[in-house]
Amino acid sequence: QAARSAGAQARAIGVASSRRLRGQLADAKRIERSRDTKGGQNVTGPTGSGKTGLLTVMVEEALRARVPVLMIDVKGDLPNLLLTLPDFTAASLAPWLVSEADPGARLALAEQKVASRRTNLEAWGITPEVVRRFDESTSVRVITPGAASGELLHVLSSLERRSPRWDTDRELARATLSATISLVLRLIGREADPAKSREHVFLSVAAEARLIAGQPADLGALLVDLEAPPFERIGALAVDRFLSKKARRDLAAALNSLLASPTFASWREGIPLDVEAWMTPSGPRTPATIVSVAHLDDEERALVLGVLLEEVLSWVRGLPGSESLKALIVFDEVYGFLPPHPASPPTKKPLVTLMKQARAFGVGVVVATQNPMDLDYRALSNAGLWCVGRLQTEADRQRVVEGMQLAHGADDADYHQILKQLEPRWFVIRNAHDRRPPQLVQPRWTMTVMRGPLTRTELRRAREQRDG
């Protein structure tokens, strides 16, 4: 879904069109920006094509329009939003340059970069004053589950910290509780499917009873319930027939080992997993929340993001319907998290559901990938707006041509050739709700300094500098 209205998009991207789409990239001219679209958005292109820059521009423009944004960061690039550096001085930029030069040479290089940054932004009508206002009107926070470089996140919040939803909307409360229990069971190598796992059902029943009664439902409390169940039946069966004493003892022992793990302890510390709070302005600044999992391994990323996305989905379903954009969800580098059938990581179901349903609640969803073959076809078919950079393989081009359902008098060969010839930072834009042919666009220069992935130390320093 586009990040702004038609007038606002005019600042976001320069759109170019050619008289014909048969490879005439050199003749492209800037034209009016395309109107808003409904549904999800898919950004695809190889490394170096400018995907992250395009995403950053979308995020900046959404924030300028007072639209809160939640970003999922896998590589470590999106925390660059901390680096607006509105003073445009070499001294503030020099520490962030990736250079082996001595301090004097680094400062000289920073002076060149500052001049280039100023020139490129002013070409789009963005002055240092505009950047300063953007910096002052935006609140950027970086959440790093399991790491203290950003804000720690209590991943088990829906289990261990009672949500007000238990008093207002138990269906949504159950959904997030189920995702959290699935995460816990996956961590100890047990069946985590809510419809198949008896262990999942037992823990869900025990935790829900406690939460409804206003009692603690942390892992320690659930260990007590495994030893001495506070209910006699689950469904139509006696507790011992549903899950034997031995099975409960084995589950309790596994949970206790997890509870005692020093590594797991950091997942139970920090701010609550509360998307509604993250997306609600607490003052004049528009919130931009980045959940960075770049420091986690692949399995941990899938588990944490699965719980996060279920919470996002519950939050979205609790919103009133809206035809205008109220919030934006951005997932950069979605590879492995939204794979084709039959793969089904914890992130897949909530992502597909968000791309299908979030638009009705005024929430835009943007996913980006280097390889469109990575994505489930249901997600591709729900993308209302496509931004496609140069694709080098025949399989990728074919997947994109099919997914976009191109028409308007041009044959597939035209688009295969265009996607092969695109220069970096150029994209073919296809609006599924617009009868005009696909267009060529080049994103503007980002107000954010695109430093590249930040180390943990650099992230901590960037946060302190922004807050300070």
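The paragraphs below lead from the whole chain to its nonpolar cores and then to a few of its helices.

The structure is a predicted model, and its protein chain is built from 20 helices and 15 strands. Of the 468 residues in this chain, 54% count as buried. When contacts between residues at least 6 apart in sequence are considered, 74% of them join residues that are at least 24 apart.

From this overview one can turn to the interior. The largest nonpolar core holds 86 residues, and those with the most contacts inside it are L203, W278, L308 and F331. Helix α15 supplies the largest share of this core, namely 11 residues. Another core lies apart from it and has 47 residues, including A62, L63, L81 and L328.

Two residues of the largest core can be followed in more detail. L308, once its neighbours within four places in sequence are left aside, is in contact with I72, L273, V275, W278 and V291, and W278 is itself listed among the residues with the most contacts inside the core. L203 is found in helix α9, and because its relative accessibility is 3%, under the 20% limit, L203 counts as buried. Not counting residues up to four places away in sequence, L203 touches I181, L185, L222, L226, L251 and L255. With I181, the separation is 22 residues in sequence, while the C-alpha atoms of the two residues are 7.3 Å apart in space.

Two of the residues that L203 touches, L222 and L226, are also among the buried residues of helix α10, which spans residues 219-227. The buried residues of α10 are L219, A221, L222, L223, D225 and L226, and they pack against α6 (157-160), α8, α9 (198-212), α12 (245-260) and α13 (262-265). At the N-terminal end of α10, D218 acts as a cap, with a side-chain oxygen 3.0 Å from the backbone nitrogen of G220.

Helix α8, one of the partners of α10, also meets α15. The axes of α8 (residues 170-187) and α15 (residues 298-317) come within 9 Å and cross at roughly 175°; since angles over 145 degrees count as roughly antiparallel, α8 and α15 are therefore roughly antiparallel to each other. On the side of α8 the contact is made by L172, A175, T176, A179, T180, L183, R186 and L187, and on the side of α15 by L303, V304, V307, E310, E311, S314 and R317. The residues of this contact divide into eight nonpolar, three polar and four charged.

Note on methods. Residues numbered from 1 in each chain as written. Predicted model: local features only at pLDDT ≥ 70, side-chain atom pairs only at ≥ 80, totals over all residues. Heavy atoms only, no water. Axes fitted to C-alpha atoms, helices over the stretch in contact; angles between N-to-C directions. Helix = DSSP H or I, 4+ residues; strand = E, 2+ residues; numbered from the N terminus. Parallel < 35°, antiparallel > 145°, perpendicular 65-115°, else oblique. Contact = heavy atoms within 4.5 Å. Nonpolar A, V, L, I, M, F, W, Y, C, P; charged D, E, K, R; others polar. Core = buried A, V, L, I, M, F, W, Y, C linked by side-chain atoms within 4.5 Å. Buried < 20%, exposed > 50% of the residue type's maximum accessible area, 1.4 Å probe, protein only. Polar contact = N/O pair within 3.5 Å; in protein donor to acceptor, adjacent residues only side chain to side chain.
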